[in-house]
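User: I've got a model open and I'd like to learn how to read it feature by feature. Can you walk me through it?

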Amino acid sequence: MPAKRLCLTLDLKNDPALIAAYEHYHQSNVIWPEILEGNKKIGILSMDIYLAGNRLFMILETVEDFDVAREFGRLQTLPRQKEWASLMLQYQQRVPFAKPEEHWVLMQQIFAQ
């Protein structure tokens, strides 16, 4: 099945307790099953999130016709997604260069080997 890779970035609030709580919610035995089910329903094949300091880096493997704005909008209509997003907002903050309508910022690929 053809897939595409997307990379996005977002910051966490620079507070060790908040960062630890965010990491806790993303443990495989803690994350809500509805969140994982919703990701699959909108075409996310796999998701990895990395942390450096308070900067998050997310790698998505998606179906070929995946559109971030469209599918993230659709995600919010699925069970428990708005509740999860509201909970995560306690820990997250936009990167300084985000456009007003952006939360997770889509990164531009500049090199591949």
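User: Let's start with Asn 54: where is its place?

Analyst: This is a predicted model, and Asn 54 lies in the loop between β2 and β3.

User: Is Asn 54 buried or exposed?

Analyst: Under 20% relative accessible area is the cut-off for buried. Asn 54 comes out at 18%, so it counts as buried. Try a sequence-versus-space check too: Asn 54 and Lys 13 are 41 residues apart along the sequence, while their C-alpha atoms are 6.7 Å apart.

User: How should I read the hairpin around that loop?

Analyst: Look at the strands, then at the turn. β2 and β3 run antiparallel and are joined by eight bridges; for instance, Asp 48 has Ile 59 in β3 as its bridge partner. Two residues sit between the strands of this hairpin, and Gly 53 takes a positive phi near 65° there.

User: Which strands does β1 pair with?

Analyst: Follow the bridges one strand at a time. β1, residues 3-12, pairs with β3 in the antiparallel sense over nine bridges, and Leu 8 stands opposite Met 58 in β3. Two bridges join β1 to β5 (residues 105-106), again antiparallel, with Thr 9 opposite Val 105. Then β1 and β4 pair over two bridges, also in the antiparallel sense; there Leu 12 faces Gln 92 in β4.

User: Now pockets. What's the general idea?

Analyst: You roll a probe the size of a water molecule over the atoms, and that shows where empty space is left. In this model the largest pocket has a volume of about 840 Å³. Its lining has 31 residues, and those closest to the centre are Met 47, Ile 49, Met 58, Trp 84 and Trp 104.

User: Which element supplies the largest share of that lining?

Analyst: That's β2, with eight residues. At least two residues each come from α1 (16-25), α2 (33-41), β2 (44-52), β3 (55-63), α3 (68-75) and α4 (81-89).

User: And how do the lining residues divide by chemistry?

Analyst: Of the residues lining the largest pocket, 19 are nonpolar, nine polar and three charged.

User: How many aromatic pairs does a search of the whole structure find?

Analyst: Six. For each pair, read the distance between ring centres and the angle between planes. Tyr 22 and Tyr 91 are edge-to-face, at 6.2 Å centre to centre with 65° between the planes. This pair links distant parts of the chain, since Tyr 22 is in helix α1 and Tyr 91 in the loop between α4 and β4 (92-93), 69 residues apart. Both tyrosines, Tyr 22 and Tyr 91, are buried.

User: What about Phe 66 and Phe 72?

Analyst: Phe 66 and Phe 72 are edge-to-face as well, 6.3 Å centre to centre and 80° between the planes. Check each ring separately for burial. Phe 66 has 3% relative accessibility, so it counts as buried. Phe 72 has 21%, so it counts as partly exposed.

User: Which residues form one aromatic cluster?

Analyst: Tyr 22, Tyr 25, Trp 32, Trp 84 and Tyr 91 form one cluster. You've met Trp 84 already: it is among the residues closest to the centre of the largest pocket.

User: Which ring does the charged end of Arg 80 sit over?

Analyst: The ring of Trp 32, with the charged end 3.9 Å from the ring centre. Trp 32 is a member of that aromatic cluster, so look at both features together.

Key
Residues numbered from 1 in each chain as written. Predicted model: local features only at pLDDT ≥ 70, side-chain atom pairs only at ≥ 80, totals over all residues. Heavy atoms only, no water. 1 Å grid on protein atoms, 1.4 Å probe; cavity = no way out; pocket = protein on both sides within 12 Å on 5 of 7 lines; lining within 4 Å. Points joined across faces, edges and corners; volume = space filled by probe spheres on them. Helix = DSSP H or I, 4+ residues; strand = E, 2+ residues; numbered from the N terminus. Nonpolar A, V, L, I, M, F, W, Y, C, P; charged D, E, K, R; others polar. Pairing = 2+ DSSP bridges. Phe/Tyr/Trp six-rings, centres within 6.5 Å; stacked < 30°, edge-to-face > 60°. Buried < 20%, exposed > 50% of the residue type's maximum accessible area, 1.4 Å probe, protein only. Lys NZ or Arg CZ within 6 Å of the ring centre and 35° of its normal.
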